[in-house]
Amino acid sequence: MAQEIPTEQWAQVVEETGKPVVYKKIPVQKPGPDEVLVNVKYSGVCHTDLHAVNGDWPLATKLPLVGGHEGAGVVVARGSLVEDVEIGDYAGIKWINGTCLNCTFCQQSDEPLCAKALLSGYTVDGSFQQYAIAKAAHIARIPKDCDLEAISPILCAGITVYKGLKESGVRPGQTVAIVGAGGGLGSMACQYAKAMGLDIIAIDAGDEKKAMTAKLGAQHFVDFSTSKNVVSDVKAATSDGLGPHAVILVAVNEKPFQQAAEYVRPRGTVVAIGLPAGAYLRAPVFESVIKMITIKGSYVGNRSDSAEAIEFFRRGLIKAPFKTVGLSELQSVYDLMQKGAIAGRYVVDTSR
Ligand code: NAD
Ligand code: ZN
């Protein structure tokens with residue numbers, strides 16, 4: 001039976017960048033002809049949401065802004081042109097809220113590169129509200145046998161690291177270094193890498209993250225906060241001492257973006273995913289050339305990557321740790337995240 005849609009709802013609103021978010025009631029919007037309205041039940045909290053609150057990227061957000069782009073919920077309304085999404089379907093609000101579907105990038109399924117892409121929780125309102133809108137073509141299709149709370153972090157963190165691992169070209173049996181392995185993206189990356197049969201070197205700080213990444217499948221841990229030489233410690237963690245075949249950079253500091261080229265294996269690939277504010281990649285030209293290394297960026301995933309990442313979860317291969325708090329407590333999650341004090345992911349429950 002169709003659910004009754006209220007006219008008002010609870011939301012967390014960024015009214016001014018650099019200021020705490022405001023928990024308040026706002027109107028529920030109506031979906032346009034090619035859109036759906038999703039009753040968001042749970043939403044993961046990504047470091048990107050914190051970048052939006054802090055306003056530290058060279059890309060302006062809409063203001064006031066409802067953040068959030070890992071929203072898992074139930075479709076409660078659809079526009080007149082939408083035929084392939086039913087009321088009651090499970091759906092995900094992900095970072096790519098909509099694209100033109102017509103430009104050269106959309107045509108070759110590089111939708112994240114579309115110049116007209118709408119970004120959930122950044123250029124359009126996202127999932128830190130009870131009812132959120134997305135283009136029907138781009139909502140994540142969530143199978144009914146999936147738990148909406150546990151799947152929410154897949155909608156950005158999971159899709160992004162799955163795509164990044166594919167972009168690295170790493171193959172089963174090879175070694176991957178995951179830099180920032182104890183965070184939201186990093187913990188997911190450990191699980192996807194494990195499912196892909198990779199040997200994993202986790203890089204992060206502290207005993208809690210060391211124990212967590214070991215549980216998630218990492219065979220090795222390098223603590224960047226205590227290591228005297230991260231480059232040699234990472235190389236030493238590989239069986240032949242030549243370094244990892246791939247490096248997945250999901251850290252929120254610049255330094256590791258300037259170290260990875262030094263420890264990646266000859267012919268290896270460094271994939272930059274984390275987006276520390278104002279940071280630059282750096283690599284020694286001489287070693288990069290004679291080692292024939294590849295350095296590249298990876299940005300979320302297309303609709304097919306999203307479906308594949310969700311399927312790994314549905315098959316029970318991805319069990320990354322998360323803690324759930326009420327939507328009303330979102331600011332306290334940002335405070336912990338700012339300090340790097342979150343092992344894994346936080347999820348907010350929009351009903352409280
Ligand atoms: P998070 O805060 O959960 O995790 C970041 C982790 O990096 C923390 O565990 C922290 O301890 C670790 N870290 C900090 N300095 C480090 C260092 N020197 N070496 C190793 N680890 C270090 O953040 P998250 O939600 O996982 O997001 C990570 C980054 O990825 C953010 O910048 C976010 O905006 C970005 N992101 C990018 C994409 C994309 O498509 N490229 C998608 C989602 C998120
Ligand atoms: Zn994200």
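This tour moves through the structure in stops, each with a selection to make and a description of what is there. The model is predicted.

**Stop 1: the zinc ion**

Select ligand 2, the zinc ion, together with Cys-46, His-69 and Cys-156. These residues supply the protein donors: SG of Cys-46, NE2 of His-69 and SG of Cys-156, at 2.0 to 2.3 Å from the ion. Along the chain, the donors follow the spacing C-x22-H-x86-C. Where do Cys-46 and His-69 sit? Cys-46 is in the loop between strand 3 (35-45) and helix 1 (47-54), and His-69 is in the loop between strand 4 (65-66) and strand 5 (71-78), so the pair ties together parts that are 23 residues apart in sequence. Cys-46 and His-69 are both buried.

**Stop 2: ligand 1**

Next, select ligand 1 and display the residues around it. There are 30 of these residues, and His-47, Thr-48, Asp-204, Val-300 and Arg-345 come nearest. Three polar contacts may then be shown in turn:

- Asp-204 has a side-chain N or O atom 2.6 Å from an oxygen atom of ligand 1.
- Arg-345 places a polar side-chain atom 2.8 Å from an oxygen atom of ligand 1.
- Gly-184 has a polar backbone atom 2.9 Å from an oxygen atom of the ligand.

On its own, ligand 1 has 880 Å² of accessible area, and the protein covers 95% of this. Which elements give two or more residues to the shell around ligand 1? They are helix 1, helix 5 (184-195) and strand 12 (199-204). Helix 1 gives the largest share, three residues.

**Stop 3: Ser-120**

Move now to Ser-120, in the loop between strand 8 (118-119) and strand 9 (131-135). Is Ser-120 buried or exposed? Its relative accessible area is 0%, so Ser-120 is buried. Add Lys-94 to the selection: its backbone oxygen lies 2.6 Å from a polar side-chain atom of Ser-120.

**Stop 4: two prolines**

Select Leu-63 and Pro-64, and look at the bond that joins them. The peptide bond from Leu-63 to Pro-64 is cis, with omega near -10 degrees. Pro-64 is in the loop between helix 1 and strand 4. Now add Pro-256, found in the loop between strand 14 (246-249) and helix 8 (260-263). Pro-256 is buried, at a relative accessible area of 13%. From C-alpha to C-alpha, Pro-256 and Pro-64 are 34 Å apart in space, and they are 192 residues apart in sequence.

**Stop 5: two positive phi angles**

Select Leu-101 in the loop between strand 7 (96-98) and helix 2 (104-107). Its phi is near 65 degrees, a positive value in a residue other than glycine. Leu-101 is partly exposed, with a relative accessible area of 39%. Then select Arg-267, in the loop between helix 8 and strand 15 (269-272). Phi of Arg-267 is also positive, near 75 degrees. Arg-267 has a relative accessible area of 61% and is exposed.

**Stop 6: salt bridges**

Side chains of opposite charge can pair when their charged atoms come close. The structure holds 19 salt bridges, counted with a cut-off of 4 Å between nitrogen and oxygen. Select Arg-314 and Asp-145, whose side chains meet in a salt bridge of 3.4 Å, N to O. Arg-314 is in helix 10 (residues 303-314) and Asp-145 in the loop between strand 10 (140-142) and helix 3 (148-151), so the pair ties together parts that are 169 residues apart in sequence. Arg-314 is partly exposed at 34% relative accessibility, whereas Asp-145 is exposed at 53%.

Next, select Glu-167 and Lys-163, which form a salt bridge with their closest N and O atoms 3.8 Å apart. Because they are four residues apart in helix 4 (residues 157-168), about one helical turn separates them. Glu-167 is partly exposed, at 29%, while Lys-163 is buried, at 13%.

A further pair is Arg-352 and Asp-349, with closest N and O atoms 3.3 Å apart. Arg-352 is partly exposed, at 42%, and Asp-349 is buried, at 10%. Finally, select Lys-163, Lys-166, Glu-167, Lys-296, Asp-305 and Glu-308 together: salt bridges that share partners join these residues into one network.

**Stop 7: a nonpolar surface patch**

End the tour by selecting Val-285, Phe-286, Val-289 and Ile-290, which make a nonpolar surface patch of about 460 Å². Val-285 belongs to helix 9 (residues 285-290). With a relative accessible area of 64%, Val-285 is exposed.

Methods
Residues are numbered from 1 along each chain as its sequence is written. Chains are lettered from A and ligands numbered from 1 in the order in which they are written. This is a predicted model: local features need pLDDT of at least 70, side-chain atom pairs count only at pLDDT 80 or more; totals for chains, interfaces and linings use all residues. Side-chain values use heavy atoms; hydrogens and water are left out. Patches are made of residues with over 30% relative accessible area and no salt bridge: like charges are joined within 9 Å, nonpolar side chains (Val, Leu, Ile, Met, Phe, Trp, Tyr) within 5 Å. Accessible areas come from the Shrake-Rupley method with a 1.4 Å probe; for residues, only the protein chains shown count as cover. Buried means under 20% relative accessible area, exposed over 50%, partly exposed in between (1.4 Å probe, protein chains only). Donors are N, O and S atoms within 2.8 Å of the metal (3.2 Å for Na, K and Ca); water is not among the atoms, so sites may look incomplete. A residue is near a molecule or strand if one of its heavy atoms lies within 4 Å of it. A polar contact is a pair of N or O atoms within 3.5 Å; within protein, one must be able to donate a hydrogen and the other to accept it, and residues adjacent in sequence count only if both atoms are side-chain atoms.
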